[in-house]
Amino acid sequence: LPYKPSRDDLVSKALDDGEHTRSHRLEVSQLKSFKNWLNHHIAPCGMHVEDVRADLMDGTALCTLVTRLYPTPPIGRWWRKPRLDIQRMENIAIALRCLRSHGVRLENIDAKDIYDGNVKLILGM
């Protein structure tokens, strides 16, 4: 006979699905808030982020943000139009290093996490 799930199994699955839906909605809401905050700060420089995961990947938005938040000392040289993956990762690393130098606590996040689009770590910045 084929396995027939019990009522308890079905209720448990429904609760798990509901929790997943709630956590997904929360993540979407947090992404939207972060995107709006980021756009507010980088818009005067002529930049705009539509998709946080994809648009932070080259590091230009992050470097622009850090430059706007902490104008002195200057962030240093970064790639304005990175073409290679190594240039994109370097931009992200420069922005993270500058944030850390200004006392921003960034635990367990590095350039690769942002480059890979790890939403949970990006939102934890």
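User: Which residues does L106 touch, leaving out those up to four places away in sequence?
Analyst: In this predicted model, L106 touches L96, L99, R100 and M125 once you skip residues up to four places away in sequence.

User: And where does L106 sit?
Analyst: L106 is in the loop between α4 and α5. Helix α4 covers 85-101, and α5 covers 111-115.

User: Is L106 buried or exposed?
Analyst: L106 counts as buried, because its relative accessibility is 8% and the cut-off for buried is under 20%.

User: You mentioned L96. How are L106 and L96 placed along the chain and in space?
Analyst: L106 and L96 are ten residues apart along the chain, and their C-alpha atoms are separated by 7.9 Å.

User: What about N108, where is that one?
Analyst: N108 is found in the loop between α4 and α5. At 69% relative accessibility, N108 counts as exposed. Its phi is near 55°, which is a positive value in a residue other than glycine.

User: Ok, zooming out. How many helices and strands are there in the protein?
Analyst: The protein has six helices and zero strands. Reading along the sequence gives the pattern α-α-α-α-α-α.

User: How much of the protein is buried?
Analyst: Out of 125 residues, 31% count as buried. The accessible surface of the protein comes to about 8700 Å², and carbon and sulfur atoms hold 55% of that.

User: What share of contacts comes from residues 24 or more positions apart?
Analyst: They account for 42% of the protein's contacts with a separation of 6 or more.

User: New topic: T60. Where is it?
Analyst: T60 is in helix α3, which runs over residues 60-69. T60 is buried, with a relative accessible area of 7%.

User: What does the side chain of T60 make a polar contact with?
Analyst: The partner is the side chain of D58, at 2.8 Å. Not counting residues up to four places away in sequence, T60 also touches M47, W78, W79, R80, P82 and N91.

User: N91 is in that list. What is N91 in contact with, leaving aside neighbours within four places?
Analyst: N91 is in contact with D58, G59, T60, C63, W78, W79 and P82. N91 lies in helix α4 and is buried, with a relative accessible area of 0%.

User: W78 turned up too. Which charged end sits over the ring of W78?
Analyst: That would be R80, whose charged end is 4.0 Å from the centre of the W78 ring.

User: How many aromatic pairs does the structure hold?
Analyst: One aromatic pair.

User: Cysteines next. How many disulfides does a search of the whole structure find?
Analyst: The search finds zero disulfides.

User: Why is there no bond from the sulfur of C98 to the closest cysteine sulfur?
Analyst: The two are too far apart: the closest cysteine sulfur is in C63, and it is 8.6 Å from the sulfur of C98. A disulfide needs the pair of sulfur atoms within 2.5 Å.

User: Are C98 and C45 buried or exposed?
Analyst: C98 is buried, with a relative accessible area of 8%. C45 counts as partly exposed, at 44% relative accessibility.

User: Last one. Which residues does the cis peptide bond join?
Analyst: The cis peptide bond joins T72 and P73, with omega at about -10°. P73 lies in the loop between α3 and α4.

Key:
Residues numbered from 1 in each chain as written. Predicted model: local features only at pLDDT ≥ 70, side-chain atom pairs only at ≥ 80, totals over all residues. Heavy atoms only, no water. Helix = DSSP H or I, 4+ residues; strand = E, 2+ residues; numbered from the N terminus. Buried < 20%, exposed > 50% of the residue type's maximum accessible area, 1.4 Å probe, protein only. Polar contact = N/O pair within 3.5 Å; in protein donor to acceptor, adjacent residues only side chain to side chain. Contact = heavy atoms within 4.5 Å. Phe/Tyr/Trp six-rings, centres within 6.5 Å; stacked < 30°, edge-to-face > 60°. Lys NZ or Arg CZ within 6 Å of the ring centre and 35° of its normal. Areas by Shrake-Rupley, 256 points an atom, 1.4 Å probe, with all protein chains shown as cover.
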